[in-house]
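The following exercises concern a single structure, and each task is followed by a worked solution. Please examine the sequence and the coordinates before reading the solutions.

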Amino acid sequence: TRVAIFISGRGSNMTALIEAARDPAFPAEIALVLSNNPDAPGLRTASDTGIPTLAIDHRPHRRDREAHEREIDAALVEAGIGLVCLAGYMRLLTPFLTSRWQGRMLNIHPSLLPAFPGLHTHERALAAGVKLHGCTVHLVTEIMDEGPIVGQAAILVRPDDTPALLGERVLAQEHRLYPAALARHLGAGAPTEQADRTLLSV
Ligand code: GRF
């Protein structure tokens with residue numbers, strides 16, 4: 001499957017997916033990296049590894065999200081993309097794109113959904129006093145941070161955790177989870193006992 005990764009910033013999750021896809025056994029090829037931000041550092045990382053990149057700036061379309069998404073969709077179709085991975089992509093998508101890519105668009109979110117949808121998840125987890133926190137890969141629907149869950153990785157919250165420290169540990173799990181969840185989604189094979197064990201790391 002030809003996969004497009006959408007980024008807005010550094011793209012550390014993109015890098016993890018690119019690394020995983022180096023394995024010839026991996027069921028996906030990273031065929032395109034797309035960003036709404038022409039200055040996204042991840043674009044340079046991707047082009048340095050020889051992956052085609054495309055910046056479709058959202059600012060000219062500030063008032064018309066759908067016009068921006070039509071440009072994106074045309075580029076995806078042109079590139080023969082079969083699945084989209086949102087990875088630190090900071091634009092809300094309209095039903096135009098989410099409906100056209102229903103079942104073929106994944107996102108990674110830095111919390112154990114359905115807990116803490118939206119932003120500032122680590123601050124909120126600490127404020128709530130949760131003992132377990134983590135990240136979720138889910139299929140994208142019209143409602144932000146909802147949709148069928150494909151995989152999760154959990155970590156223990158420590159008494160001395162700050163949002164930064166907690167976020168660092170969650171991000172490390174994101175880099176493990178996203179490639180595993182993508183492979184599971186594409187393989188669509190029943191998750192093996194071993195796969196489940198490796199995804200839960202407390
Ligand atoms: C990560 O915390 C991810 O969960 C969220 O965006 C953040 C930045 O990710 N979606 P990346 O380093 O740009 O991949």
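**Exercise 1.** Determine whether M90 is buried or exposed, and locate M90 among the secondary-structure elements.

Solution. Step 1: the class follows from relative accessible area, where buried means under 20%, exposed over 50%, and partly exposed in between (1.4 Å probe, protein chains only). M90 has a relative accessible area of 58%, and is therefore exposed.

Step 2: the model is predicted, so local features need pLDDT of at least 70, side-chain atom pairs count only at pLDDT 80 or more, and totals for chains, interfaces and linings use all residues. Residues are numbered from 1 along each chain as its sequence is written, and side-chain values use heavy atoms, with hydrogens and water left out.

Step 3: helices (H or I, at least four residues) and strands (E, at least two) are DSSP runs, numbered from the N terminus. On this basis M90 belongs to the loop between β4 (83-86) and α4 (95-100).

Step 4: contact means heavy atoms within 4.5 Å. Apart from neighbours within four places in sequence, M90 is in contact with S8 and L119.

**Exercise 2.** Which residues accompany M90 in its UniProt "binding site" annotation, and which of the set line the largest cavity?

Solution. Step 1: the unreviewed UniProt entry lists R65, M90, R91, L92, L93 and N107. UniProt positions are given in the numbering used here, feature names are shortened, and annotations may be inferred rather than shown by experiment.

Step 2: from this set, R65, R91, L92 and L93 are in the lining of the largest cavity. On a 1 Å grid over the protein atoms alone, a cavity is a set of points where a 1.4 Å probe fits but cannot get out, and a pocket is an open set with protein on both sides within 12 Å along at least five of seven lines; lining residues have an atom within 4 Å of a point.

Step 3: R65 is part of helix α3 (residues 65-78). Because its relative accessibility is 35%, R65 counts as partly exposed. Leaving aside neighbours within four places in sequence, the contacts of R65 are R91, L92 and T94.

**Exercise 3.** Describe the environment of the "binding site" positions G11, S12 and N13.

Solution. Step 1: UniProt (unreviewed entry) places the feature at these three positions. G11, S12 and N13 are in the lining of the largest pocket.

Step 2: S12 lies in helix α1 (residues 12-21), and N13 lies in α1 as well. S12 counts as buried because its relative accessibility is 18%; N13, at 7%, also counts as buried.

Step 3: not counting residues up to four places away in sequence, S12 contacts L171 and H175, while N13 touches A87, I108, L171, E174, H175 and Y178.

Step 4: helix α1 is mostly covered, with 7 of its 10 residues buried. The buried residues of α1 pack against β1 (2-7), β2 (29-35), α2 (41-48), β4, β5 (105-109) and α6.

**Exercise 4.** Why does the end-to-end distance of helix α6 agree with its expected span, and where does α6 kink?

Solution. Step 1: the expected span of a helix is 1.5 Å times one less than its number of residues. For the 25 residues of α6 (residues 163-187) the span should therefore be 36 Å, and the end C-alpha atoms are 34 Å apart, which agrees.

Step 2: the bend at a residue is the angle between axes fitted to the seven residues ending there and the seven starting there. A kink of about 25 degrees is found at L177, shortly before the proline P179.

Step 3: the buried residues of α6 include L171, E174, L177, Y178 and P179.

**Exercise 5.** Which residues have the most contacts inside the largest nonpolar core, and which element gives the most to this core?

Solution. Step 1: a nonpolar core is a set of buried Ala, Val, Leu, Ile, Met, Phe, Trp, Tyr and Cys residues joined through side-chain atoms within 4.5 Å. The largest such core has 35 residues, and I5, I30, V33, C85 and L106 have the most contacts inside it.

Step 2: α6 gives the most to this core, with 6 residues. A second, separate core of 19 residues includes L34, L76, I81 and W101.

Step 3: leaving aside neighbours within four places in sequence, I5 is in contact with M14, L17, I30, L32, V33, L34, C85 and A87.
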